[in-house]
There are 2 protein chains.
Amino acid sequence: MLESHQYLRQFSIKPSVQRSAVMHFLLNNRIHPTIDEIFMALSPTMPTLSKTTVYNTMDLFVEKGAVQVLAIDEKNARYDVDISAHGHFFCKGCAKVYDIFDLKPEMFQLPVNEKFKIHAVESS
Amino acid sequence: MLESHQYLRQFSIKPSVQRSAVMHFLLNNRIHPTIDEIFMALSPTMPTLSKTTVYNTMDLFVEKGAVQVLAIDEKNARYDVDISAHGHFFCKGCAKVYDIFDLKPEMFQLPVNEKFKIHAVESS
DNA sequence: GTTTTTAATTGAAATGATTACAAAGATAAT
DNA sequence: ATTATCTTTGTAATCATTTCAATTAAAAAC
């Protein structure tokens, strides 16, 4: 939990009890969780936690670049504390997201010469 | 429209006025449209069309393998009549999906030796 | 070609994830 | 200690999607 505190500071995120708890969970459970999974995991030991806070917290984390949001699961947004450039695939059988760490930038032949500029590439 | 009729049959989809109209739109507007975009485009010339029909139709098309559904846009499901293996990227500026045709199967180093079997790989 | 059966379409209501908002609580500054 | 600012919380609103039952259209049987 101390670690999470420090970790948040690295991304200029002011720590709070809730934020540290959420980050602690993310760092120790790399399961690309949904909002609900995060909420369900924390609420037993944090009965006052609100799901809205989880939404707010994750929005902040994404905005500050501490986590990335995946759109790979049509049903729910999923989050990844691993912000390195890597891919994902979604197993429809077990409904889980798995990492693909072998992707290389050259794999994407983007039309960068066109009228838009690339902000980010997600292989999710 | 005649073409769409024939096209649907190739995927064992029984054509109807609505289905042909939707497929005709998809074949001639390769913009990876949302349900709403399809509905909005067709309803002027098809006032009785229901949005539920568009949902039903797209579900059927996906099930029959005539189109693929993309999860790349967090807000809405998007559909692509191009069922060939290719990638996509989503421009947050213009909120449009673009194709990436240079992806190759080898780009994905999947852990096929594990306990799940891969049904499909989407780079979207 | 009319009747019967089956399938497709439709609109309204239900669901479920996410967002908006305003009040309550906690933290930081004075 | 007091005031101001930021965070958390619960409720209500929103929006995409699904469910469902009724209507309409199409296909099959006669």
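The paragraphs below lead through a predicted model, beginning with the two DNA strands and the protein surface around each of them, and ending with the helices that pack against one another.

A good place to start is DNA strand D, which is surrounded by 16 residues, and the closest of these are A:Ser16, A:Thr48, A:Thr53, B:Tyr55 and B:Ala77. When the atoms of DNA strand D within 4 Å of the protein are sorted by kind, 77% belong to sugar or phosphate, while the rest belong to bases. Sorted by class, the surface near DNA strand D holds 3 nonpolar, 9 polar and 4 charged residues.

Which helices supply this surface? At least two residues each come from α2 (17-28) and α4 (51-63) of chain A and from α4 (51-63) of chain B, and the largest share, 3 residues, belongs to α4(A).

Individual atom pairs can then be followed along DNA strand D. A backbone N or O atom of B:Ala77, a residue that is also among the closest to this strand, lies 2.9 Å from a phosphate oxygen of DNA strand D. A phosphate oxygen of the strand also lies 3.3 Å from a backbone N or O atom of A:Ser50. With A:Lys14 the side chain takes part, for one of its N or O atoms is 3.5 Å from a sugar or linking oxygen of DNA strand D.

We can now turn to DNA strand C, which has 16 residues around it, and here A:Tyr55, A:Ala77, B:Ser16, B:Thr48 and B:Thr53 come nearest. Of the atoms of DNA strand C within 4 Å of the protein, sugar or phosphate accounts for 77% and bases for the rest. The surface near DNA strand C consists, by class, of 3 nonpolar, 9 polar and 4 charged residues. Its helical contributors are α4 of chain A together with α2 (17-28) and α4 of chain B, each of which supplies at least two residues, and the largest share, 3 residues, comes from α4(B).

Which part of DNA strand C lies 3.3 Å from an N or O atom in the side chain of B:Thr52? The partner of B:Thr52 is a base nitrogen of the strand, whereas B:Arg19 has a side-chain N or O atom 3.2 Å from a phosphate oxygen of DNA strand C. B:Ser50 takes part through its backbone, where a polar atom is 3.3 Å from a phosphate oxygen of DNA strand C.

Having met α2 and α4 beside the DNA, the reader can look at how these helices are arranged within each chain. Two packed helices are described by the angle between their axes and the distance between the axes. In chain A, the axes of α2(A) and α4(A) come within 10 Å and cross at roughly 70°, which makes α2(A) roughly perpendicular to α4(A). Here A:Gln18, A:Arg19, A:Val22, A:Met23 and A:Leu26 of α2(A) meet A:Thr53, A:Thr57, A:Met58, A:Leu60 and A:Phe61 of α4(A), and the residues of this contact divide into 6 nonpolar, 3 polar and 1 charged.

In chain B, α2(B) and α4(B) pack at an angle of about 70°, with their axes 10 Å apart, and α2(B) is therefore roughly perpendicular to α4(B). The contact brings B:Gln18, B:Arg19, B:Val22, B:Met23 and B:Leu26 of α2(B) together with B:Thr53, B:Thr57, B:Met58, B:Leu60 and B:Phe61 of α4(B). Its residues comprise 6 nonpolar, 3 polar and 1 charged.

Chain A offers one further helix pair to examine, in which the axes of α3 (residues 35-42) and α4(A) come within 10 Å and cross at roughly 125°. The helices α3(A) and α4(A) are therefore oblique to each other, and their crossing is right-handed. On the side of α3(A) the contact is made by A:Ile35, A:Asp36, A:Ile38 and A:Phe39, and on the side of α4(A) by A:Lys51, A:Val54, A:Tyr55 and A:Met58. The residues of this contact divide into 6 nonpolar, no polar and 2 charged.

Conventions. Residues numbered from 1 in each chain as written. Chains lettered and ligands numbered in written order. Predicted model: local features only at pLDDT ≥ 70, side-chain atom pairs only at ≥ 80, totals over all residues. Heavy atoms only, no water. Near = heavy atom within 4 Å. Polar contact = N/O pair within 3.5 Å; in protein donor to acceptor, adjacent residues only side chain to side chain. Helix = DSSP H or I, 4+ residues; strand = E, 2+ residues; numbered from the N terminus. Nonpolar A, V, L, I, M, F, W, Y, C, P; charged D, E, K, R; others polar. Axes fitted to C-alpha atoms, helices over the stretch in contact; angles between N-to-C directions. Parallel < 35°, antiparallel > 145°, perpendicular 65-115°, else oblique. Left-handed = near helix turned anticlockwise from the far one by under 90°. Contact = heavy atoms within 4.5 Å.
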